[in-house]
Amino acid sequence: MMKTPLDLSKYHPVVIEGMGSYDPRDPSLVAGNIHQSLLKHWEQRHQQVKKPFLVITQGDPISEKGIAAITRNVADLLNVQRGLICLDTKTHAQYADRYNVTLELQYSQLTKSLEVK
């Protein structure tokens with residue numbers, strides 16, 4: 001598994017943010033809507049993305065509802081892997097959903113890589 005911010009540069013990240021397991025919506029329907037919106041967005045802009053997509057998720061634990069379930073579904077619909085960004089606490093990373101995750105970073109690693117030098 002890749003673990004440096006430089007590894008992220010090999011991908012076109014698709015960042016999906018959302019509510020945790022308390023989200024009452026059906027994750028399959030939400031993921032389907034996101035999937036269709038992404039396809040429409042890329043088609044309308046005639047974007048030819050040269051790097052593979054990577055769905056970025058925020059480290060929530062596995063759940064039947066909420067962002068963990070939604071990002072799983074979106075990645076499956078796009079037929080791509082996921083990247084995981086966890087807060088810098090042991091418990092956040094410990095319980096994070098790692099389904100189909102190929103890249104994992106801590107939040108501090110990501111923010112440090114964005115600092116202007």
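**Group meeting talk: a helix pair, a ring stack and some loops**

Hi everyone, let's start with who meets whom. On the helix H2 side we have Pro27, Ser28, Val30, Ala31, Gly32, Ile34, His35, Leu38, Leu39 and Trp42, and they touch Ala69, Ile70, Asn73, Val74, Leu77 and Leu78 of helix H3. By type, the residues of this contact come out as 12 nonpolar, four polar and no charged. Before I go on, please keep in mind that this is a predicted model.

So how do the two helices sit against each other? H2 covers residues 27–44 and H3 covers residues 67–78; their axes are 8 Å apart and the packing angle is about 45°. Because angles from 65 to 115 degrees count as roughly perpendicular and those under 35 as roughly parallel, that angle makes H2 oblique to H3. As for handedness, H2 and H3 cross in the right-handed sense.

Now stay with Trp42 for a moment. How many aromatic pairs does a search of the whole structure find? The answer is one. The partners are Trp42 and Phe53, and they are stacked, with 4.2 Å centre to centre and 20° between the planes. This pair links distant parts of the chain, since Trp42 belongs to helix H2 while Phe53 belongs to strand S2, residues 53–57, with their positions 11 residues apart in the count. Is Trp42 buried or exposed? Its relative accessibility is 11%, so Trp42 counts as buried.

Next, for those of you who like backbone torsions, here are two asparagines. Asn79 has a phi near 60°, which is positive in a residue other than glycine. You'll find Asn79 in the loop that runs between H3 and strand S3, 81–86. With 71% relative accessibility, Asn79 counts as exposed. The other one is Asn100, again not a glycine, with a positive phi of about 60°. Asn100 sits in the loop between helix H4, 90–94, and strand S4, 101–106. Asn100 has a relative accessible area of 28%, so it is partly exposed.

That H4–S4 loop also holds Asp97. What would you guess for Asp97, buried or exposed? At 2% relative accessibility, Asp97 counts as buried. Which residues does Asp97 contact, leaving aside neighbours within four places in sequence? They are Asp60, Pro61, Ile62, Ala68, Arg72, Arg82 and Leu84. If you want a backbone distance to go with that, the C-alpha atoms of Asp97 and Gln58 are 9.1 Å apart, for a sequence separation of 39 residues.

Let me move on to the loop between S2 and H3, where Ser63 is located. Ser63 has a relative accessible area of 24%, so it is partly exposed. Not counting residues up to four places away in sequence, Ser63 touches Ser21, Ala68 and Ala69. Two of those names may ring a bell: Ala69 is among the H3 residues that meet H2, and Ala68 is among the contacts of Asp97. From Ser63 to Tyr22, which is 41 residues away along the chain, the C-alpha separation is 9.5 Å.

Last stop, helix H5, residues 107–114, which includes Thr111. Thr111 has 30% relative accessibility and so counts as partly exposed. Thr111 and Asp97 are 14 residues apart along the chain, and their C-alpha atoms are separated by 21 Å. Leu110 is in helix H5 too. Setting aside residues up to four places away in sequence, Leu110 touches Leu8, Ile85 and Leu105. And how does Leu110 relate to Leu39, one of the H2 residues from my opening list? The C-alpha atoms of Leu110 and Leu39 are 27 Å apart, with their places 71 residues apart along the chain.

To wrap up, here is what I'd point to on the screen. There is the oblique packing of H2 against H3, with its right-handed crossing. There is the stacked pair of Trp42 and Phe53. And there is Asp97, buried in the loop between H4 and S4. Thanks for listening, and I'm happy to chat about any of it!

Key: Residues numbered from 1 in each chain as written. Predicted model: local features only at pLDDT ≥ 70, side-chain atom pairs only at ≥ 80, totals over all residues. Heavy atoms only, no water. Axes fitted to C-alpha atoms, helices over the stretch in contact; angles between N-to-C directions. Helix = DSSP H or I, 4+ residues; strand = E, 2+ residues; numbered from the N terminus. Parallel < 35°, antiparallel > 145°, perpendicular 65-115°, else oblique. Left-handed = near helix turned anticlockwise from the far one by under 90°. Contact = heavy atoms within 4.5 Å. Nonpolar A, V, L, I, M, F, W, Y, C, P; charged D, E, K, R; others polar. Phe/Tyr/Trp six-rings, centres within 6.5 Å; stacked < 30°, edge-to-face > 60°. Buried < 20%, exposed > 50% of the residue type's maximum accessible area, 1.4 Å probe, protein only.
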